[in-house]
Amino acid sequence: MQIVVLVKPVPDTATGGERLGPDNRLDRAAVPAVVNANDEYAIEAALKLVEAHGGEISLVAMAPPNAPETLRKALAMGAHRGVHVTDQVLTGADALSTARVLAAAVRDLEFDLLLAGADTSDGGMGVVPAGVAALLRLPYLSYAARIEPDPDAGTVRVRRISATGFDVLEAPMPALVVCTQALGEPRYPSLKGIMAARSKEIATKSLAETGVDGVGVEAAATNRVLGSEPPPTRPPTQVVRETAPDAAKRIITFLEERRIVQ
Amino acid sequence: MTAFWVLAETGPDGGLARISAEVATLGRSLAEAAAAEVVGVVVAAEPDAAAAELARYVPRVLAIAEPAAADHVWAMIAAQRIAALVEERGPDLLLAGAGPDGRDLAGAVSVLTGRGILANATAVTWQDGGPRVEMSVFGGKLVTWSGFSGPAGIVTVRPNTVTAQPASGEAPGADSVEAVTPAGELDQPAVPIVERIEEAGAAAPIEEARIIVAGGRGVGGEEGFELVQEIADALGGAVGATRAAVDAGWINYSQQIGQTGKIVKPQLYLALGISGAIQHKVGMQTADTIVAVNRDPEAPIAEFADLLVVGDLFEVGRALVDELRTRSG
């Protein structure tokens, strides 16, 4: 089966150096980029699916020109090729434009499953996959904890995490599935994988090649950051070193003062 | 007249979801500030109960009966009906909850109506003729406020951003709910729910809990989480966990808080045996009050907890349960 995974290079949260530039947009040059953590679960899910059912995995990213560096790390996990949509006009693209561009980029690809991560560690909006599904009129199965395709029947079963457990969903393929950590820990690339990734194809597409109107994207910058500030600092931590019963009483007094318990 | 729509979800009992009562409360106060009209919208197989409840929060409610929503995934169906109604009536601002269904709904409505989204608001005010949407970004390292370029947009609001408060005054009349049928067919394939699996111990969505008692690696195992559950029960709260505890199989992924789990904003976050690594911190640091119990006074959580008890979480936790039970008699 053919699988496409939407991937986003994001600032490495471990560095703690993320910041906005003077234009109030994310300064992508400030911190090294990594593959978004939730997207790694989608890549891992795709790898397990092709191990079980055969097939190939294509990654699709909309990202700045230096993204292939990051995409190679995902290819080293075992994905087969990448498609990189990059264009000056996409700098600062909002969620709506991103959904439009990604939908256009995957429209021409053949796939049974389109996978995406639940959200990204930078914007964290988590709204792009639903937008892509709506634009492509694909069955949309989100928050997946298990993915079971039946290639012969051309259907896929997904366990969707619900408030009280799981909903089991079934849809014809092609379908878009949003992946979660519950699908399993992403593998580390092997040395062989890293070597192989060097020669894997990453096709670059301009905005015009996706068929999306560039002016439309630019004009559709639907929102803007007006300002920012560090979060309010918390008051200094009160430290309690007492016996357990006394410490318990201290906790309760503290909660009573704050009217959390009566 | 400027119009704000509150896109409501139904809860497990078919009534109004708690997050939607909060969003309706927020919508009403924004409408007052903007001298705008606020309208609630309910899409469900049987929308009447939720619509009647929503009418206690906002003066007018549009109820869309959609039979397919009974046994199909809700968000995509609702998005198409709402998008059709938006095209018909042209409201300015759409407000939805930022839970899993609200996100899916907002993402689809955005592309179907060409409106931009500001997601996961932690506060929304009305300023200079538009919404000023506060969001927490970069794992809470920065607070931003944003607006829309044009008059129209979609805002999703995090649970516990406002306290749900019905409108004062008379009870709503029967005419405050209007049954509507948007034009058009559903051309997005609806996804059937073939089975619903209830998990033991699964409670209300953890994002909505006012009190969360969370356990980390220090809890040590499934038995340890029984104590965490006892404390949560005694406080009337929900159980949360770190990724380490979920990865170890001590508790379900649905309870995980942090970068690859849920983002929560409870009144109280009681952290037991949690070191407070950045990946966990991003999920809970906007809690109003953070209390931690940890053996290690140097753990990162010591830097952002309001109260840190240095000690054994089992001893302190057990004492806490005893004390709470004594008090409640």
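**Note on chain B: sheet, packing helix and domains**

1. In this predicted model, strands β1(B) and β4(B) pair in the parallel sense, and their pairing extends over 4 bridges. Within this pairing, Phe4(B) stands opposite Leu93(B) of β4(B).

2. Strand β1 of chain B, residues 3-8, also pairs in the parallel sense with strand β2 of chain B, residues 37-44, here over 6 bridges. Two residue pairs locate the register: the bridge partner of Phe4(B) in β2(B) is Val38(B), while Trp5(B) stands opposite Val39(B) in β2(B). Phe4(B) thus has a counterpart in β2(B), namely Val38(B), as well as one in β4(B), namely Leu93(B).

3. These strands belong to an open sheet of 7 strands in chain B, which follows the order β5-β9-β4-β1-β2-β3-β10 with parallel pairing. The edges of the sheet are formed by β5 (117-121) and β10 (177-179) of chain B, each of which pairs on one side only. From one strand to the next, the twist averages 25 degrees.

4. Helix α1 of chain B, spanning residues 18-34, packs on this sheet and touches β1, β2, β4 (93-97) and β9 (153-157) of chain B, with its direction making about 175 degrees with that of β1(B). Together, β1(B), α1(B) and β2(B) make a β-α-β unit that is right-handed. As for the surroundings of β1(B), the strand is mostly covered, since 5 of its 6 residues are buried.

5. Is Asp101(B), a residue of helix α4 (residues 100-113) of chain B, buried or exposed? Asp101(B) is buried, because 23 other C-beta atoms lie within 10 Å, and the cut-off for that label is 20 or more. Leaving aside residues up to four places away in sequence, Asp101(B) touches Glu9(B), Trp74(B) and Ala75(B). The C-alpha atoms of Asp101(B) and Arg18(B) are separated by 13 Å, with the two residues 83 residues apart along the chain.

6. The domain assignment of chain B gives domain 1 as 3-179 and domain 2 as 206-328. The C-alpha centres of these two domains of chain B lie 31 Å apart, and the contact between them involves 10 residues of domain 1 and 8 residues of domain 2. On the side of domain 1 of chain B that touches domain 2, the residues divide into 2 nonpolar, 6 polar and 2 charged.

Notes
Residues are numbered from 1 along each chain as its sequence is written. Chains are lettered from A and ligands numbered from 1 in the order in which they are written. This is a predicted model: local features need pLDDT of at least 70, side-chain atom pairs count only at pLDDT 80 or more; totals for chains, interfaces and linings use all residues. Two strands pair if DSSP finds at least two bridges between them. Axes are lines fitted to C-alpha atoms, for helices over the stretch in contact, and angles run from 0 to 180 degrees between N-to-C directions. Two residues are in contact if their C-beta atoms, placed from the backbone, lie within 7 Å. Domain bounds come from an automatic or database domain assignment. Ala, Val, Leu, Ile, Met, Phe, Trp, Tyr, Cys and Pro count as nonpolar, Asp, Glu, Lys and Arg as charged, and the others, Gly among them, as polar. A residue is buried if 20 or more other C-beta atoms lie within 10 Å of its own, exposed if 12 or fewer, and partly exposed in between; C-beta atoms are placed from the backbone. A crossover is right-handed if, with the strands pointing away from the viewer, the path from the first strand over the helix to the second runs clockwise.
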